[in-house]
Amino acid sequence: MNHVSLALLPVLLTACQTLPGAGAAEPEAGQAAQAWAAAFNACDGAKAAALYDVDAVLWGTVSPALIASPAGVRQYFERVCSANPQPKVAWGEQRLRVYADTAINSGTYTFTIFPAGQARQVPARYSFTYRKREGRWLIVDHHSSALPAAPASAAAPARQ
């Protein structure tokens, strides 16, 4: 490397760090996740459905079929929230990655349901894919499934 190249290195590194990218968009995409949890916890099917893109698909935790219409998304949340008391959700681990106008959030959440009036926790895993459209992060793909129990061998420490 010659002296001119070495002299430009700090300038080039600084330019790379200041390019717009995932860092600026990550909080916005994270707010989309918080809006989803708020809509779910309010049991507002219309508000939840409004967070999904018109082309979105939802594979709900308790859905026997893939849902691929705005009306279907709304109906899914209305059905889930028809229980009394209504279910709640709390975030667990989240891994949010932003790639330009696409964001992927994978992790866990826990649903609290109330069969026979007794609180029961249902841990689940999820993947949300968002697309930024007209300044809003909208869900285009949402998959949720119950978290399987840990294998018996993983639950107990190994004996030596």
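This report walks through the sheet, a salt-bridge network, one buried alanine and the main pocket of a predicted model.

## The sheet

Let's start with the strands. Five of them come together in an open sheet, and their order across it is 1-5-4-3-2. The pairing is mixed. In general, strands of a sheet pair through backbone hydrogen bonds, in either a parallel or an antiparallel way.

Which strands sit at the edges? They are strand 1 (52-59) and strand 2 (88-99), each of which pairs on one side only. On average, neighbouring strands of this sheet are turned by 20° against each other, with direction ignored.

If you want to look at one pairing in detail, try strand 1 and strand 5: the two run parallel and are joined by four bridges. Here you can find Val57 standing opposite Asp141 of strand 5.

## A salt-bridge network between strands 1 and 4

Side chains of opposite charge can pair when their charged atoms come close. The structure holds six salt bridges, and several residues are worth picking out on your screen. Asp53, Asp55, Arg131 and Arg133 are linked in a network of such bridges.

Begin with Asp53 and Arg131, whose side chains meet in a salt bridge at 3.0 Å, N to O. This contact links distant parts of the chain, since Asp53 belongs to strand 1 and Arg131 to strand 4 (residues 120-133), 78 residues apart. Asp53 also meets the side chain of Arg133 in a salt bridge, with an N to O distance of 3.4 Å. That pair again links distant parts of the chain: Arg133 in strand 4 and Asp53 in strand 1 are 80 residues apart. A further bridge runs from Asp55 to Arg131, where the closest N and O atoms are 3.9 Å apart. Asp55 in strand 1 and Arg131 in strand 4 are separated by 76 residues along the chain.

## Buried or exposed?

How do the members of this network sit with respect to the surface? Asp53 counts as buried because its relative accessibility is 3%, and the cut-off for buried is under 20%. Asp55 has a relative accessibility of 53%, so this residue counts as exposed, the threshold being over 50%. The two arginines fall in between: Arg131 is partly exposed, with a relative accessible area of 29%, and Arg133 is partly exposed at 31%.

Ala103 offers another buried position to inspect. This alanine lies in strand 3 and counts as buried because its relative accessibility is 0%. Ala103 and Phe128 are 25 residues apart in sequence, and their C-alpha atoms are 8.1 Å apart in space.

## The largest pocket

Now for the pocket. The largest pocket has a volume of about 210 Å³. It is lined by 16 residues, of which Thr61, Val62, Tyr76, Val80 and Phe111 are the closest to its centre. Which elements give two or more residues to this lining? They are helix 2 (22-41), helix 4 (70-80), strand 3 (102-113) and strand 5 (136-146).

What is the make-up of the lining by class? It has twelve nonpolar and four polar residues, and no charged residues.

Technical notes:
Residues numbered from 1 in each chain as written. Predicted model: local features only at pLDDT ≥ 70, side-chain atom pairs only at ≥ 80, totals over all residues. Heavy atoms only, no water. 1 Å grid on protein atoms, 1.4 Å probe; cavity = no way out; pocket = protein on both sides within 12 Å on 5 of 7 lines; lining within 4 Å. Points joined across faces, edges and corners; volume = space filled by probe spheres on them. Nonpolar A, V, L, I, M, F, W, Y, C, P; charged D, E, K, R; others polar. Pairing = 2+ DSSP bridges. Axes fitted to C-alpha atoms, helices over the stretch in contact; angles between N-to-C directions. Salt bridge = Lys/Arg side-chain N within 4 Å of Asp/Glu carboxyl O. Buried < 20%, exposed > 50% of the residue type's maximum accessible area, 1.4 Å probe, protein only.
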